[in-house]
Each structure stands twice: as C-alpha cells, then as structure tokens.
2 protein chains.
Amino acid sequence: MLEKIKLPTTRNGKATFHLLLRAAELLFLENGYHKTTVADITQKAGVAAGTFYVYFPSKISLYQHLLTDISHSIRKEIAEKIKDKDSRRDKEKEGIKAFLEYAVKNPHMYNIIWESFYIDRALFRDYYESFSRRYVRGLESALKTAEIADVDLEVVSYILMGVTNFVGLKLILDLGDTPKTIESVVDTIMHVLDHGLFSKK
Amino acid sequence: MLEKIKLPTTRNGKATFHLLLRAAELLFLENGYHKTTVADITQKAGVAAGTFYVYFPSKISLYQHLLTDISHSIRKEIAEKIKDKDSRRDKEKEGIKAFLEYAVKNPHMYNIIWESFYIDRALFRDYYESFSRRYVRGLESALKTAEIADVDLEVVSYILMGVTNFVGLKLILDLGDTPKTIESVVDTIMHVLDHGLFSKK
DNA sequence: TCATAAAGTGAATGTATATTCATATAATAA
DNA sequence: TTATTATATGAATATACATTCACTTTATGA
C-alpha cells in the first residue's frame with residue numbers, strides 16, 4: 001500500500017524535495033487534500049509540474065510521507081518532554097501539554113492526520129493504534145506501581161487521546177466564545193483526571 | 001452557504017427523494033464523500049442521473065442535508081434517554097451510553113460528521129459548537145446544585161465530547177486487539193469521571 | 001573535459017465526473 | 001377533458017486535474 005518515493009541525492013535535489021513537502025504541507029493545511037492540486041503544490045514550490053513526479057509517484061505518496069513525518073515528530077516531542085518527569089501523573093500532565101503545544105504550533109496536523117480517515121483508512125488505524133499501544137505501555141508500568149486505578153488501560157488510552165484531540169481542536173479552531181490558554185485547559189483536564197468530574201459529598 | 005434543496009410534494013417525489021438520501025448515506029459510509037459520485041448515488045437509488053438535480057442543486061447540498069438530519073437525530077436520541085434520569089451523574093452516564101449506541105448502530109455518522117471538517121468547515125464548527133453549548137447548559141444547572149466540580153465548563157464539554165467520540169471510534173473501527181462491549185467501556189469512562197485516573201493514597 | 005546520471009521542464013494526454021438541457025411522462029386540479 | 005405543474009430521463013457538455021513523456025539542463029566523478 002505504501003508507495004515508494006524517490007529520495008534525492010544531490011544538494012539541489014534535496015532542496016527541491018523539501019520545497020515540495022513544505023508547499024504541500026501548507027496547502028493541505030489551508031485547503032485539505034482534495035482541494036489541493038499537484039499544480040498548486042508545484043507552483044507554490046516554484047518548480048515545474050513534472051518535477052513533482054521525479055520524487056513522488058503520485059499525490060497520495062506525498063501525503064503518506066507527510067503523515068509519517070508528522071507522526072514521528074509528535075511522538076518524539078512528547079517522549080522528550082515527559083522523560084524526566086517522575087510520577088505518572090506528571091508525565092500525563094506534561095504529555096497533554098506537549099501535545100497541545102505541538103497542535104497549536106502545527107495546526108495542520110489535524111488536517112493531515114484526520115483526513116487519513118478518508119484518504120487511507122489503514123494509515124489512520126495505524127496511527128491511532130500505535131499511539132494507543134505506546135500509551136498503554138506507559139500506563140501499564142504505572143499500574144504496577146499502583147499509581148493509577150485498575151481499569152481497562154486500552155480504553156483509558158482512547159479516553160486520553162480523545163480528550164487531548166478535542167481540546168486541541170477547540171484551541172486551534174477557536175471553537176466557542178472565549179479563547180483559552182494552554183495552561184488553563186491543562187488545569188481543567190488535570191482536575192478531571194485528578195478528582196473526576198463530580199463533587200464529592 | 002447553505003444551498004437550498006427542493007423538497008418533493010407528491011407521493012412519488014417523496015419516495016425518490018428518500019431513495020436518493022438513503023443511497024447517498026450508504027455510499028458515503030462505505031467510500032466517503034469524494035469517492036462517491038453522483039452517478040453512484042443515482043444508480044444505487046435506481047433513478048436517472050438528471051433526477052438528482054430535480055431535488056438537489058449540487059452534490060454538497062445533499063451532504064449538508066444529511067449532516068443536518070443526523071445532527072438532529074442524535075441530539076433527539078440522547079435528550080430522550082437522559083430526560084428521566086435525576087442526577088447529573090446518571091444523565092452523563094446515560095448520555096455517553098446513548099451516544100455510543102447511536103454510533104455503533106449508525107457507524108456512518110463519523111464519516112459524515114468528521115468529513116465536514118474538509119468539505120464544509122463552517123458546518124463542522126457549527127456542529128461541535130452547538131453540541132458544546134447544549135452540553136454546557138446542562139452542566140451549568142448541575143453546577144448550581146453543586147453536583148459537579150467548579151471548573152471551566154466549556155472545556156469540560158470538549159473533554160466529554162472527545163472521550164465519547166474517540167471511544168466510539170475505537171468501537172466502530174474495532175481499533176486495538178480486544179473488542180469491547182458498550183457496557184464495559186462506559187464503566188471505564190464512568191470510573192474516570194467518578195474518581196479520576198490516579199490512585200488515591 | 002567528457003560521459004553518465006540526476007534533476008528539471010511544461011505542453012499534451014486522458015480520464016473522471018459534476019452539471020445541464022431538451023424532452024418525455026405522470027400527476028393533479030379546474 | 002384539458003391545462004398546468006411536478007417528476008423523470010440520459011445523452012451531451014464542460015471542466016478540472018493527475019499523470020506522462022520527449023526533451024533540456026545541471027551536476028558529478030573519473
């Protein structure tokens with residue numbers, strides 16, 4: 001399923017390749033995959049239409065490459081930030097914060113990741129299943145030290161992904177009446193994760 | 001932005017109109033908006049290509065109509081099910097369950113709703129903003145009776161929508177290794193909403 | 001500097017598909 | 001019945017756009 005792209009070898013080639021990726025990323029952000037044409041991409045990159053096919057066998061192969069890139073980049077960013085936190089609770093908080101920061105700084109990630117649901121379903125499944133697996137691994141070690149409650153960790157991973165994704169969406173699209181800061185929404189999320197939603201009597 | 005569709009008046013017209021909607025719904029489910037052609041829809045509905053344009057001025061107008069339909073249907077279903085629950089906690093639990101049941105019974109809703117992110121951004125915003133507002137209204141009354149914690153309710157609404165949407169996604173796409181029942185995932189969600197994620201020492 | 005490979009070109013091609021339209025049939029109301 | 005309106009047809013149209021290809025230019029290393 002994954003189409004093979006041709007990596008450039010020379011300095012010039014690498015520059016062109018990079019220009020194409022950056023142009024596509026920006027256009028996918030603004031207009032989505034379907035409304036972005038190969039001609040748009042090559043024009044924005046400042047190269048001829050045919051140049052596109054020097055590196056990418058098809059439009060979708062560029063998309064797949066971009067998604068894989070983003071997927072690695074975001075994992076790395078989160079792993080980096082939580083690695084020196086001690087408790088699972090602090091790792092969780094930092095991970096949520098890192099995800100939201102990444103999302104706000106790279107708002108196109110939603111366009112690229114979510115659109116894979118319609119463009120390449122296998123890629124979509126893969127993305128979230130492996131994200132979930134990584135999450136579960138972390139949660140399992142926290143379960144061993146009794147840091148977290150003994151619940152279905154796979155479901156918990158989807159709960160946590162849902163929370164961060166939807167809150168991130170709100171931030172990026174500025175949904176609702178009042179804009180929020182990352183800090184304030186992280187506080188709200190952590191309140192729920194710390195104490196639940198309902199009042200104790 | 002909302003294109004005006006022409007509603008049928010006669011018995012025959014109504015039947016055709018309905019056939020077109022049902023056919024489109026099924027095809028959008030299977031293949032998504034872009035991979036579904038108007039010809040596919042009319043063929044599945046058993047009418048000529050031109051008939052489509054008797055009722056719908058464009059392909060997107062049919063999509064908008066469908067999304068509006070689903071949006072109303074799901075709200076009604078949830079409102080119906082939670083209305084006789086007393087506590088906010090029970091309303092929440094029942095609402096989450098109703099959403100997941102609806103999603104599993106109508107798995108195409110994700111296709112239709114999420115794809116609006118790429119097809120008609122305004123529709124997407126509208127859908128989640130009004131869903132959020134409705135949520136906040138319910139939570140506000142629970143806040144007055146001190147049933148829930150005093151946190152940013154708008155953010156909480158996105159937290160809850162994120163949880164249900166992502167857990168629903170897991171159920172529908174059968175993500176992960178082990179399939180789950182609606183009951184079991186609702187229990188896990190309620191555990192987190194009742195007690196938070198972390199162990200109390 | 002010459003040979004070979006890599007990179008780049010852009011006009012031409014082919015296909016897919018949303019929409020139109022002139023026309024036909026069926027229903028309805030007067 | 002007849003006039004009018006609603007519904008239905010499907011071939012024709014028009015356009016958008018991914019991809020190809022024959023060719024040129026540039027880089028590299030022997």
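This tour moves through the predicted model one selection at a time, from chain A to the two-chain arrangement, the DNA strands and a few single residues.

The model is predicted, so local features are described at pLDDT of at least 70 and side-chain atom pairs at pLDDT 80 or more, while totals for chains, interfaces and linings use all residues. Residues are numbered from 1 along each chain as its sequence is written, chains are lettered from A and ligands numbered from 1 in the order in which they are written, and side-chain values use heavy atoms, with hydrogens and water left out.

**Chain A as a whole**

Select chain A and display it as a cartoon. Chain A has 9 helices and 0 strands, where helices (H or I, at least four residues) and strands (E, at least two) are DSSP runs numbered from the N terminus. Read from the N terminus, its elements follow the order α-α-α-α-α-α-α-α-α. Along the principal axes, the C-alpha atoms of chain A fill a box of roughly 70 × 40 × 30 Å. Of the 201 residues in chain A, 55% are buried; buried denotes under 20% relative accessible area, exposed over 50%, and partly exposed in between (1.4 Å probe, protein chains only). Among contacts (heavy atoms within 4.5 Å) in chain A between residues at least 6 apart in sequence, 65% join residues at least 24 apart.

**Helix α1 of chain A**

Next, select residues 11-35 of chain A, which form helix α1. Where is the kink in this helix centred? The kink, of about 90 degrees, is centred on A:L29; the bend at a residue is the angle between axes fitted to the seven residues ending there and the seven starting there. The end C-alpha atoms of α1(A) span only 31 Å, whereas a straight helix of 25 residues would span 36 Å at 1.5 Å a residue. That expected span is 1.5 Å times one less than the number of residues.

Now show the side chains of α1(A). The buried residues include A:F17, A:L20, A:L21, A:L27, A:F28 and A:Y33. To see part of what covers the buried residues of this helix, add α2 (38-45), α3 (49-55), α4 (59-82) and α6 (108-119) of chain A.

**Chains A and B together**

Bring chain B into view. A turn of 180 degrees with a shift of 0.0 Å along the axis lays chain B on chain A with an RMSD of 0.1 Å, which is the relation of a two-fold axis. The same surface serves both copies, as 100% of the contact residues of chain B recur in chain A. The superposition is by least squares on the C-alpha atoms of residues with pLDDT of at least 70 in both copies.

**DNA strand C**

Select DNA strand C and the protein near it, meaning residues with a heavy atom within 4 Å. There are 19 residues around this strand, and the closest are A:K6, A:T16, A:T51, A:Y55 and B:V38. Of the strand C atoms within 4 Å of the protein, 76% belong to sugar or phosphate and the rest to bases.

Three polar contacts (pairs of N or O atoms within 3.5 Å) merit inspection:

- A polar side-chain atom of A:T16 is 2.5 Å from a phosphate oxygen of DNA strand C.
- A polar backbone atom of B:V38 is 2.5 Å from a phosphate oxygen of DNA strand C.
- A polar backbone atom of B:K59 lies 3.0 Å from a phosphate oxygen of DNA strand C.

Two or more residues of the surface near DNA strand C come from each of α1 and α3 of chain A, and α3(A) gives the most, with 5 residues.

**DNA strand D**

Move to DNA strand D. Of the 21 residues around it, A:V38, B:K6, B:T16, B:A48 and B:Y55 come nearest. The side chain of B:T16 places an N or O atom 2.5 Å from a phosphate oxygen of DNA strand D. A backbone N or O atom of B:A48 lies 2.8 Å from a phosphate oxygen of the strand, and a polar backbone atom of B:T10 is 3.2 Å from one. The element giving the most to the surface near DNA strand D is α3(B), with 5 residues.

**Single residues**

Most residues other than glycine have a negative phi. Select A:A146, in the loop between α7 (121-144) and α8 (153-173) of chain A: its phi is positive, about 60 degrees, although it is not a glycine. Then select B:D174, in the loop between α8 (153-173) and α9 (182-195) of chain B. B:D174 has a positive phi near 55 degrees and is partly exposed, with a relative accessible area of 40%.

Finish at B:E94 in helix α5 (residues 88-105) of chain B. Is B:E94 buried or exposed? B:E94 counts as buried, at 16% relative accessibility. Beyond its neighbours within four places in sequence, B:E94 is in contact with B:K81, B:I82 and B:K85.

Definitions and conventions:
A polar contact is a pair of N or O atoms within 3.5 Å; within protein, one must be able to donate a hydrogen and the other to accept it, and residues adjacent in sequence count only if both atoms are side-chain atoms.
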